[in-house]
Amino acid sequence: MAQYRIWIVEDESIVAMDLKARLERMGYTIPGISSYGEDAIEKVRTHRPDLVLMDIVLKGEMDGITAAGIIRNEMEIPVVYLTAYADEKTIGRAKVTEPYGYILKPFEERDVLTVIEIALYKASMEKRLRESERWISTTIKSMGEGIIATDIEAMVKFMNPVAEHLTGMTEAEAIGNPSSKMFSIEVGDTGRQASDPVLKALKDQTTVTSDETMVLISHDGTRRYVEYTAAPIRDDRENLYGAVLIFRDITGRIKIEEELRRHREHLEEIVAERTTELRKANAKLEQMINYINMTEQRWAEEMLLSEVSCPDKPLLSVAEGVISIDRDMQIVLINHFGEEITGWRQEEAADQPVSSILNFVRPNGEILECPLNSVFESGEVQSIEEGCLLVRRSNEKIPVRIKIEPIRDHSGEIIGATISIRRIE
């Protein structure tokens, strides 16, 4: 176990010392204990622990909920509440501070360990996601193209600095307004008004590109030649989430092309090659924007499911279906390939008995019992390499190999199992 540092905030000294002793036996480091909310904020700010266990009811003017809110918002340190009060009003106030869990008094060591481990893991994953979001945000803001993102009603949600320059509006002015009010587009030098590519992308739910030279007119009247790509944004279930519009200022290129056409006709081939390269670059940008959400979220999902299912082992191959069950043989997690191979989605299978999701038969139709009881009783890995057919949700039967491994807690007790399913080609 990593040496996580936990700060205890508890105004009952006997309870605090008992909790400290228990946590130290579990392998955690306890740098200190606070009895008051004000002291907790000051000490946590100084010592920067990995987690704070916060009693909701504290002596003094500041209760645990107020202190937790300050710690969460100012320091981004996860907080788990200790409380003997589970009434709806108290829980309602506590939820606003986005705690990472609750431990009800009197508590059992196993409950404390479970809540703490889940809270620490959740905090770690959220930190990774925040770092990833900052990286993506910085990348988008540093691009040389104007990028505008909208919701499904074409209301602006984001603009990068280049888009602010091209439209003549700041992001703060644009957010919440229709995309059609942010800019005006004409077809070439004809003066003919062009349709809003964002609205077209949302209506047709397809990628829209500028097939001819367009002129973008900013709020201060500046005219720039541009080309654009507008594409719908979908979530991981293919539901429409919004749209993204990419502007490329090609004013300089147009002027060069005009000069070349007047004086150097023999360079048309080079100009065509450059245009092809620009279109390829546009396609790469389009691909990047379309996959910003889906690729990052799928990567985080596979890592989360694999590490939660088997935290002491390296990341599992996404070509292997992995199903995690608890001691009661109920589904806890299914990774992405597990969803594909069984036909069951995580949200549908969660908390269902494994027997209602996984069924195996032999080639002759005989029901094949999954050796889960043997794994729980013996603690040994069990496998079925041949003669095993998985009955998918669609009733299709496919040949598979399965392996069942026990999941143990830090004390060595079996708390569940993972079922790995690999399709036999």
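**Close-up views of helix 8 and two loops**

**View 1. What helix 8 packs against.** The buried residues of helix 8 are in contact (heavy atoms within 4.5 Å) with strand 6 (146-150), strand 8 (184-187), strand 10 (208-209), strand 12 (223-234) and strand 13 (240-249). Helices (H or I, at least four residues) and strands (E, at least two) are DSSP runs, numbered from the N terminus. Please keep in mind that this is a predicted model, in which local features need pLDDT of at least 70 and side-chain atom pairs count only at pLDDT 80 or more, while totals for chains, interfaces and linings use all residues. Residues are numbered from 1 along each chain as its sequence is written, and side-chain values use heavy atoms, leaving out hydrogens and water.

**View 2. The buried side of helix 8.** Within helix 8 (residues 197-204), the buried residues are P197, V198, A201 and L202; buried means under 20% relative accessible area, exposed over 50%, and partly exposed in between (1.4 Å probe, protein chains only). They lie on the same side of helix 8 because they cover an arc of only 135° around the axis, taken from the directions from the helix axis to the C-beta atoms.

**View 3. The two ends of helix 8.** At the start of helix 8, look for D196: one of its side-chain oxygens comes within 2.9 Å of the backbone nitrogen of V198. Just after helix 8 you will meet Q205, with a positive phi of about 50°.

**View 4. M329 in its loop.** M329 sits between strand 14 (321-326) and strand 15 (331-334). Although M329 is not a glycine, its phi is positive, at about 60°. M329 counts as partly exposed, at 21% relative accessibility.

Terms used: Polar contact = N/O pair within 3.5 Å; in protein donor to acceptor, adjacent residues only side chain to side chain.
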